[in-house]
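Biologist: I've got the sequence and the model on my screen. Can we go through it piece by piece?

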Amino acid sequence: MNSIAFFDFDGTLTFRDTFLEFLKDSVDVNSLAKKSPRLFYYLSLFEFKVISNSDFKLFVVRELFKSEDYFRLSAQRFSKKIFKFLKSKAVARLMYHKKNGDKVVIVSASFEEYLKDISKQLCVDLIATKITFKDNVAYYDPANCYGIEKYKRIISIYRLDKFKYIYAYGDSRGDYYMLKIADYPYYRVF
């Protein structure tokens with residue numbers, strides 16, 4: 001019976017938050033203030049913890065991506081650039097688990113739409129936030145993969161009792177529940 005290793009993506013496998021990089025890559029930052037003054041209002045609500053990470057992220061996607069096609073094309077274009085944000089030490093640890101024959105899973109609040117390529121190239125499973133559109137309005141499908149949602153998704157997909165050991169790697173409070181299920185939780189270290 002092999003082990004399983006869960007890796008958060010942003011801040012754990014990468015040295016930068018890819019959601020912010022995705023926005024910078026997709027939207028003209030110089031004209032952002034003109035396009036969306038409400039964005040800065042919501043940013044302040046998020047900064048003062050009046051609204052959640054999930055609510056803020058969905059607001060941003062709805063405000064900046066007015067069509068599904070634009071969102072998908074932006075995600076596809078950004079997926080080709082994501083490798084430059086990887087931490088070599090983190091990827092080495094991920095590869096160590098693969099060489100041991102462990103099941104390896106990226107579990108991320110970042111969007112599945114731009115993480116699919118990297119998970120395929122690394123030959124690992126992916127659990128991430130998925131966006132769907134109805135009448136060109138973005139929605140989570142089913143929810144932002146953050147906090148308790150990471151735990152819910154993991155246990156809905158994997159029979160953890162079938163693995164010898166459970167490893168988890170994370171770097172933020174959004175990884176708390178994922179780290180709690182691990183025999184070997186690693187918080188900000190490899």
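**From the tail back to the sheet**

Biologist: Arginine 188 sits in the segment after strand 7. Is arginine 188 buried or exposed?

Modeller: First, this is a predicted model, where local features need pLDDT of at least 70 and side-chain atom pairs count only at pLDDT 80 or more, while totals for chains, interfaces and linings use all residues. Residues are numbered from 1 along each chain as its sequence is written, and side-chain values use heavy atoms, leaving out hydrogens and water. Buried means under 20% relative accessible area, exposed over 50%, and partly exposed in between, with a 1.4 Å probe and protein chains only. Arginine 188 has a relative accessible area of 58%, so it is exposed.

Biologist: What order do the strands of the open sheet have?

Modeller: Strands here are DSSP E runs of at least two residues, helices are H or I runs of at least four, and both are numbered from the N terminus. Two strands pair if DSSP finds at least two bridges between them. The edge strands, 3 (125-129) and 7 (184-187), each pair on one side only. With parallel pairing, the five strands have the order 3-2-1-6-7.

Biologist: Which residue of strand 7 is the bridge partner of alanine 168?

Modeller: Strand 6 (residues 166-170) runs parallel to strand 7, and four bridges join them. In strand 7, alanine 168 is partnered by proline 185.

Biologist: On strand 4 (residues 131-134), which side chains point to the buried face?

Modeller: In a regular strand the side chains alternate between the two faces of the sheet. Thr132 and Lys134 point to one face and are not buried; the buried ones, on the other face, are Ile131 and Phe133.

Biologist: What is phi for aspartate 135?

Modeller: Strands 4 and 5 form a hairpin with two residues between them, and aspartate 135 is in the turn. Strand 5 (residues 137-140) runs antiparallel to strand 4, with four bridges joining them. Aspartate 135 counts as exposed because its relative accessibility is 71%. Though aspartate 135 is not a glycine, its phi is positive, near 55°.

Biologist: How far apart are the end C-alpha atoms of helix 4 (residues 53-64)?

Modeller: Helix 4 is mostly covered, with nine of its 12 residues buried, including Phe56, Leu58 and Phe59. The expected span is 1.5 Å times one less than the number of residues. For the 12 residues of helix 4 that gives 16 Å, which agrees with the distance between its end C-alpha atoms, 17 Å.
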